[in-house]
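The following exercises are to be worked through with the structure at hand. Each task is followed by a solution in steps.

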Amino acid sequence: MIELRQATQRDIEDYYGRLPLCTMRGVVAVKDGEVLGVGGTYRYRGDTIVFCEMKDHAKKYRKYILKAAKMVLENLREKRVFAICDAEQPTAKQFLEHLGFFCIDEVKNIYVREAD
C-alpha cells in the first residue's frame, strides 16, 4: 500500500540523497519504507512553483499520483502557481491541464494555474 503524507526533512534526504538548495513544502509517496516520489511547492524569484518528481517504477501508481497532486494544490496559500512541463513525459501536458493549468509559454513549457 502507498502512504501519502507531508514530507519531512528526512524524506527529502532519503529521496535526493541530500537536502535541496531551496526550501519547499510537499507531499511524499512511501511504499514499504521507500520514498517513491515527492511533489510540492518552492519559491523562485517571488513566484510559487509546483513540482513533482518520482522514481520510474512509481509511475504505475496513477491514482496515487493524482491524489498527491490534489493534496499539494489543496494546501496552496497562493492564488497563482507555475509549473514547468517535462516535455519528455508523454502525459505531462495532459496531466497539468487536468489539474487546471494552462500553457503561457510553449517554448519553455511554462504553465500557470490561478485560483478563483
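A polar contact of 2.7 Å joins the side chains of Thr48 and Arg43; here a polar contact is a pair of N or O atoms within 3.5 Å, where within protein one must be able to donate a hydrogen and the other to accept it, and residues adjacent in sequence count only if both atoms are side-chain atoms. The model is predicted: local features need pLDDT of at least 70, side-chain atom pairs count only at pLDDT 80 or more, and totals for chains, interfaces and linings use all residues. Residues are numbered from 1 along each chain as its sequence is written, and side-chain values use heavy atoms, with hydrogens and water left out.

**Exercise 1. Surroundings of Thr48**

Task: Determine in which element Thr48 lies and whether Thr48 counts as buried or exposed.

Solution. Step 1: Locate Thr48 in strand E4; helices (H or I, at least four residues) and strands (E, at least two) are DSSP runs, numbered from the N terminus. Step 2: Apply the accessibility classes, in which buried means under 20% relative accessible area, exposed over 50%, and partly exposed in between (1.4 Å probe, protein chains only). Thr48 is buried because its relative accessibility is 2%. Step 3: List the contacts, meaning heavy atoms within 4.5 Å. With neighbours within four places in sequence left aside, Thr48 touches Thr41, Tyr42, Arg43, Glu78, Arg80, Val81 and Phe82.

**Exercise 2. The largest nonpolar core**

Task: State which residues form the largest nonpolar core and which elements each supply at least two of them.

Solution. Step 1: Use the criterion that a nonpolar core is a set of buried Ala, Val, Leu, Ile, Met, Phe, Trp, Tyr and Cys residues joined through side-chain atoms within 4.5 Å. Step 2: The largest such set has 12 residues, namely Val50, Ala69, Leu73, Leu76, Val81, Ala83, Cys85, Ala92, Leu96, Leu99, Phe101 and Tyr111. Step 3: At least two residues of this core come from each of helix H2 (62–74), strand E5 (80–84) and helix H3 (92–98). Step 4: Separate from this core is another of 9 residues, including Val27, Ala58, Ala68 and Val72. Step 5: Examine Phe101, whose contacts beyond four places in sequence are Val50, Leu73, Val81, Phe82, Ala83, Leu96, Tyr111, Val112 and Arg113.

**Exercise 3. Positive phi angles**

Task: Find where Asp32 lies and where Arg45 is found, and describe the phi of each residue.

Solution. Step 1: Recall that most residues other than glycine have a negative phi. Step 2: Asp32, in the loop between strand E2 (24–31) and strand E3 (34–44), has a positive phi near 50°. Asp32 is classed as exposed because its relative accessibility is 74%. Step 3: Arg45, in the loop between E3 and strand E4 (47–54), has a positive phi of about 50° although it is not a glycine. Arg45 also counts as exposed, at 74% relative accessibility.

**Exercise 4. Salt bridges**

Task: State how many salt bridges a search of the whole structure finds, and place three of the pairs along the chain.

Solution. Step 1: Side chains of opposite charge can pair when their charged atoms come close. The criterion is a side-chain nitrogen of Lys or Arg within 4 Å of a carboxyl oxygen of Asp or Glu. Step 2: The search finds 6 salt bridges. Step 3: Asp14 and Arg10 form one of them (3.5 Å, N to O); both lie in helix H1 (residues 9–16), 4 residues apart, about one turn of the helix. Asp14 is partly exposed at 43%, whereas Arg10 is exposed at 58%. Step 4: Arg25 and Glu78 form a salt bridge of 3.8 Å, N to O. This pair links distant parts of the chain, with Arg25 in strand E2 and Glu78 in the loop between H2 and E5, 53 residues apart. Arg25 is partly exposed at 32%, and Glu78 is partly exposed at 24%. Step 5: Lys55 and Glu34 form a salt bridge of 3.1 Å, N to O. Lys55 is in the loop between E4 and H2 and Glu34 in strand E3, 21 residues apart. Step 6: Glu3, Arg5 and Asp11 are linked in a salt-bridge network.
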